[in-house]
Amino acid sequence: MISIREKIAYGLGDTASNIVFQTVMLFLTFFYTDIFGISPAFVGTMFLAVRLIDAVTDPLMGALADRTRTRWGKFRPYLLWFALPFGAISVLAFSTPDLSEQGKMVYAFVTYTALMMVYTAINIPYCALGGVLTADPRERVSVQSYRFVFAMLGGLLVSGLTLPLVEFLGEGDQAKGYQLTILAMSILGVAMFLGCFWGTRERLHPPADQDSSFRQDFKFLLQNDQWRVLSVAAVCLMSGMVLRTSLAIYYVKYFLGLPEMITLFITLGMLGNVFGCVLAEPLAKRVCKVKAYIGLQILAATLCVLHYFIPKDQLVLAFALYILWGFTFNMATPLLWAKMADAVDYGQYKTGVRITGMLYSSVIFFIKLGVAIGGAAAGWLLAGYGYQAELVQSQATLHGILVSFTLYPAIGSILVAIVMRWYRLNNGKVDEINMELNRVAQ
């Protein structure tokens, strides 16, 4: 059994990650278009282009982590080494130097690319760390539940404090306010990464005689059919989720016509996320986590579709459905990450080689690909529907924002539910795999 103290320490790492990750999802598109003055079409294209870099860096980072040998383990050292660079580059990404239009585009591309690269360097080892804390599949759900409760608390911090801090610290200058707000949050994030480093311990290790090349590891990864299912599901999942969260600000500010309610809307949504993560562990104890995951995705899609039919003067219903969607969607999140650890065991069971870092990094690449597709879709859809920053929007634009915020994200969840029908690592199969791995190790 892992102590509650260690689960909390592990969770602090995702609080730190989400200070940036949730800021990117909730505010970066808006920051680029309305604060820095970059066209939404360029922003969407940039988000997707950076993923081409991730296609190289993510698996390399996973392979590097698998081959790291230190007295602190394979994955924990990266929390120590990259905490400070992560905080510093986050501040640069939310800075607004006085440049030409083309200069702004170059600056945004360079700093966003750097942010995603350092995020890769710290987040992939962090995520893989969750797969080596315990071999117990039920404890894995518990670990991931703690992790995502703390992750959503980080998101709650971002959603609840970002805009008030921007106003307070900026003193009327939003660009300055964003920079100082991210500086304050980055300092807190660095401290949390260090707390995660000191408070956790790696317990699972690859076989002592394991010696494979990057090429061989990649070949073994491709043989893992359950990894393939998770990867496709990750793209569909994140595409819909990021599209919805990226457009939440636009939905409240323009469709509802209540810019003063933005912070309350996204903060209440984040509270729904937190409570959903809390209930993931009790749900997994009572229901097969594969069936539960599929059912939650269908319910999340249904809530998105219902949101489309809510008139803009029905604020209580609009808020309630967004909260319920966050609650449902994020009840499934810890289950997905627990499945990744199960897929690592399955890969070792099938090939005899344990590639924790490689598998996590590759799934994370597809997660980030989904983030990029969702972010790109948000920018392209805004441009396609004729969005003009800080102006009165046409009825066609307002309807486009509504459709993009409600119906399109539902498609992502429906696709996830369909794809997960090919995922076979239910509780019984995972127990069987663990028994065999323990027998071979003895």
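Trainee: In which helix of the protein is confidence lowest, and in which is it highest?
Mentor: This is a predicted model, in which local features need pLDDT of at least 70 and side-chain atom pairs count only at pLDDT 80 or more, while totals for chains, interfaces and linings use all residues. Residues are numbered from 1 along each chain as its sequence is written, and side-chain values use heavy atoms, with hydrogens and water left out. The predictor's confidence in each residue is its pLDDT, from 0 to 100, and helices (H or I, at least four residues), like strands (E, at least two), are DSSP runs numbered from the N terminus. Confidence is lowest, at a mean of 83, in helix α16 (residues 427-441), and highest, at 96, in α15.

Trainee: What is the mean pLDDT of the protein?
Mentor: Where pLDDT is low, the predicted coordinates should not be read in detail. Here 99% of the residues reach 70 or more. The mean pLDDT of the protein is 90.

Trainee: How are α8 and α15 oriented to each other: roughly parallel or roughly antiparallel?
Mentor: The axes of α8 (residues 225-255) and α15 (residues 395-419) come within 8 Å and cross at roughly 160 degrees. Each axis is a line fitted to C-alpha atoms, for helices over the stretch in contact, and angles run from 0 to 180 degrees between N-to-C directions. Angles under 35 degrees count as roughly parallel, over 145 as roughly antiparallel, 65 to 115 as roughly perpendicular and the rest as oblique. The crossing angle therefore makes α8 and α15 roughly antiparallel.

Trainee: How many residues in the contact of α8 with α15 are nonpolar?
Mentor: Ala, Val, Leu, Ile, Met, Phe, Trp, Tyr, Cys and Pro count as nonpolar, Asp, Glu, Lys and Arg as charged, and the others, Gly among them, as polar. By that scheme the contact has one charged residue and four polar ones. The number of nonpolar residues is 21.

Trainee: Is the crossing of α5 and α6 left-handed or right-handed?
Mentor: The axes of α5 (residues 137-170) and α6 (residues 174-199) come within 7 Å and cross at roughly 130 degrees, which makes α5 oblique to α6. A crossing is left-handed if the near helix is turned anticlockwise from the far one by less than a right angle, and right-handed if clockwise. For comparison, α8 passes α15 in a left-handed crossing. The crossing of α5 and α6 is right-handed.

Trainee: And α11 and α12: is their crossing left-handed or right-handed?
Mentor: The axes of α11 (residues 289-308) and α12 (residues 315-331) come within 9 Å and cross at roughly 165 degrees. The two helices are therefore roughly antiparallel to each other. Their crossing is left-handed.

Trainee: Why does Cys277 form no bond with the closest cysteine sulfur?
Mentor: A disulfide is a pair of cysteine sulfur atoms within 2.5 Å, and a search of the whole structure finds zero disulfides. Cys277 is buried, at 0% relative accessibility (buried means under 20% relative accessible area, exposed over 50%, partly exposed in between, with a 1.4 Å probe and protein chains only). Its closest cysteine sulfur, in Cys127, is too far for a bond, because the distance is 14 Å.

Trainee: Which residue holds the cysteine sulfur closest to that of Cys304?
Mentor: Cys304 counts as buried, at 1% relative accessibility. The closest cysteine sulfur is 14 Å away, too far for a bond, and it belongs to Cys236.

Trainee: Where does Glu171, with its positive phi, lie?
Mentor: Phi of Glu171 is near 50 degrees, a positive value in a residue other than glycine. Glu171 is exposed, with a relative accessible area of 65%. Its place is the loop between α5 and α6.

Trainee: How far apart in space are Tyr423 and Ala343?
Mentor: Tyr423 lies in the loop between α15 and α16 and is buried, with a relative accessible area of 5%. In sequence, Tyr423 and Ala343 are 80 residues apart. In space, C-alpha to C-alpha, they are apart by 9.9 Å.

Trainee: Is Lys219 buried or exposed?
Mentor: Lys219 lies in helix α7 (residues 214-222). Its C-alpha is 40 Å from that of Val158, with the two residues 61 apart in sequence. With a relative accessible area of 54%, Lys219 is exposed.
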